[in-house]
Amino acid sequence: MAPQPTSPVAGQAPAIELINVSRRFLTPDGKSMTAIRDFTMTVERGEFVAVVGPTGCGKSTTLNLVTGLARPSSGEVRVMGGPVDGIDPRIGFAFQTDALFPWRNVIDNVIAGPLFRGMERGKAIELGRKWLARVHLSAHETKYPHQLSGGMRKRVALAQTFINEPQILLMDEPFSALDVQTRVVMHDELLSLWSQSKASVVFVTHDLEEAIALADKVYVLTAGPATVKSVYRIDIPRPRVASEIRYEQHFIDISRTIWNDLRDEVTRGASRAEALATEKAA
Amino acid sequence: MNGTALKTPVALVRGTSAAEIEAAAAAAALRRKRLVYFWRYLILVVFLGGWELLARTRLIDEFFFSKPTDIVARLYTWSVEGTSEGPLWYHLWVTMEESVLGFITGAVAGIVAGIAMGRNRMLADVFSVYIKVINSIPRVVLAPIFIMIFGLGLTSKVALSFVMVFFVVFANAFQGVREADRNLIANAQILGAKDWQLTRSVVIPSAMSWIFASLHVSFGFAIIGAIVGEFVGARYGIGLLINVAKGSFDAAGMYAAIVIVMVVALAAEYLMTLVENRLAKWRPVALVDQA
């Protein structure tokens, strides 16, 4: 949909490459802390990649490196074959928490991106209505976010992100605050929007089933400092129906294989968090 | 015990249908509202009546405390015949002009400075120490200096109102900007907002409730600034009326002036709430019930 970069070299490069990336933080008491170490990941054009790992292992950091909101301490991050320099307009981001503007009504939230990027208001509203229809919210155009349910707010957020037609979509546990039924509905909603856009997606989550249901490729991370433990290709054919797929035997097999891998990290992550807590208390 | 409590149909006593329950709830709300008003008026009547009675029975000295009927009478003569210093309305106008000018300039300067420093860490680090130092000066001690510099006219009072308002609004605007949700800012940036768009469409709206909270109190401060300035030296204004009344041991005159200031401050507060409600229609319904 969105125009591809014209340079033939850039045209062949993967959407996202993280090459031996490390990222260190300075904690408030002046200590250096490593969030991710020697991290290598490739996301092809149009590929849906999920990243799973224990909580607090540095999953979100990988996304911030791609947006340009954070810089790597060492290693290289390439987006569409080029280096990351500030915030890339080809990137869209879905937040874990509610990031809608509470003082804007639904339509004004959806068209925020086009307006920021200089589109004329009339045209933006026309476009916004189209996207609201795609997420089935046409009837709620003039409501404010606080008047919507959690699932509706997420749909507004998806429309807000997709209206910019991002070639790369980064999602940071976007559905983790929703209840289980709503979450599955949102999975199908996301898959249908994505199949029309063919964006490259990185979907960070701690929910393994969510990752398998959505992704072409699942990266399992180690407990912090995060590095890639293993990569799994999910060969479930598309189009998928997220609400049905999880009861198929093949899905369950994949799920069990990856869980065996992830389990050790989850235990390690938990004991590491405990150790950190006791260290702080001491 | 619990079992019986559950079975007792407390709510059912008033009726079973939704309409009946709603009617009962509405009636209860109305009763409560009436009770609140009853107490409000009762307290007012007891206070004013008691004051009048104590003054008339000479339990308190009328010379110092005056009495409500005298104050009302004074307000009447002032508004109809004017004061010894000229028409009341002119004095009121002068004080209002000073307060409003001081309020507007102080609020605008406070908002601009607060947002600029909230958005720019370097500016904040450099200037915060000076702001703290200046903020520690009790503002009214500046009145004589301003009178000396700017003279007896309008400017000195506006300047005093300005400093009264500026620091309150500044502190709140600064805090409001700092409290802006980092996720919202990141979201706007990724959606494509550049510096000024970010400030205008995310930072300012999220600081708005903080700023408004300060505007509510600071109009009162603007009036204080104007009146204190008038105490120290002026030719017109409510502060001057109070000063003159003090000079002639005219208690009724002083209380009458206080009543006027009170009414003005309440009216300003009311207007401010109206404006705020219009601007903040996106917020979940306010918990305050404007009775």
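Here are some numbered notes on the two chains of this predicted model.

1. Overall make-up of chain A. DSSP-style bookkeeping gives 10 helices and 10 strands for this chain. Its radius of gyration is 19 Å, close to the 19 Å that the globule rule gives for 282 residues, so chain A is as compact as a globular protein of that length. If you want a box for it, the C-alpha atoms fill roughly 55 × 45 × 45 Å along the principal axes.

2. Overall make-up of chain B. Here the count is 12 helices and 0 strands, and reading along the sequence you just get α-α-α-α-α-α-α-α-α-α-α-α. The radius of gyration of chain B is 26 Å, whereas a compact globule of 291 residues would come out near 19 Å. Along the principal axes, the C-alpha trace of chain B spans about 75 × 65 × 35 Å.

3. Domains in chain B. The chain is split into domain 1, residues 2–60, and domain 2, residues 68–279. Take the C-alpha centres of domain 1 and domain 2 of chain B and you find them 37 Å apart. Worth keeping that split in mind when you look at the 26 Å radius of gyration of chain B.

4. The four-stranded sheet in chain A. This one is open, runs in the order S2-S1-S4-S5 and has antiparallel pairing. Strand S2 (32–43) and strand S5 (82–83) of chain A each have a single partner strand, so one side of each is left without a neighbour in the sheet. Strand S1 (residues 16–26) of chain A pairs with S2(A) in the antiparallel sense over 8 bridges. To find the register on screen, start at A:Arg23, whose bridge partner in S2(A) is A:Ile36. Helix H2 (residues 59–67) of chain A packs on this sheet, touching S1, S2 and strand S4 (74–79), and its direction makes about 110° with that of S1(A).

5. The six-stranded sheet in chain A. This sheet is also open, with the order S6-S7-S8-S3-S9-S10, but the pairing is mixed. S6 and S10 of chain A are the edge strands, each pairing on one side only. From one strand to the next, the twist averages 15°. S6(A) and strand S7 (residues 168–172) of chain A run parallel, with 4 bridges between them; a handy landmark is A:Gly92, which stands opposite A:Leu169 in S7(A). H2(A) turns up here too: the helix packs on the sheet and touches strand S3 (48–52), S6, S7, strand S8 (200–205) and strand S9 (217–221) of chain A, at about 150° to the direction of S7(A).

6. Two backbone oddities in chain A. As background, most residues other than glycine have a negative phi, and most peptide bonds are trans. A:Asn20 is not a glycine, yet has a positive phi of about 50°, and this residue is found in strand S1 of chain A. The peptide bond from A:Arg238 to A:Pro239 is cis, with omega near -5°. A:Pro239 belongs to the loop between strand S10 (228–233) and helix H9 (242–245) of chain A. I'd look at both spots by eye.

7. Where the chains meet. The contact involves 20 residues of chain A and 14 residues of chain B. Which elements of chain A give two or more residues to the side that touches chain B? They are strand S6 (91–94) and helix H4 (112–116) of chain A. By class, that side of chain A has 13 nonpolar, 6 polar and 1 charged residues. Note that S6(A) is also an edge strand of the six-stranded sheet.

8. A helix pair in chain B. Helix H5 (residues 88–119) and helix H10 (residues 195–232) of chain B pack at an angle of about 145°, and their axes are 8 Å apart. The crossing of H5(B) past H10(B) is right-handed. Sorting the residues of this contact gives 14 nonpolar, 7 polar and 3 charged.

Definitions and conventions. Residues are numbered from 1 along each chain as its sequence is written. Chains are lettered from A and ligands numbered from 1 in the order in which they are written. This is a predicted model: local features need pLDDT of at least 70, side-chain atom pairs count only at pLDDT 80 or more; totals for chains, interfaces and linings use all residues. Two strands pair if DSSP finds at least two bridges between them. Two residues are in contact if their C-beta atoms, placed from the backbone, lie within 7 Å. Axes are lines fitted to C-alpha atoms, for helices over the stretch in contact, and angles run from 0 to 180 degrees between N-to-C directions. Domain bounds come from an automatic or database domain assignment. Ala, Val, Leu, Ile, Met, Phe, Trp, Tyr, Cys and Pro count as nonpolar, Asp, Glu, Lys and Arg as charged, and the others, Gly among them, as polar. A crossing is left-handed if the near helix is turned anticlockwise from the far one by less than a right angle, and right-handed if clockwise. The radius of gyration is taken over C-alpha atoms; the globule rule is 2.2 Å times the number of residues to the power 0.38.
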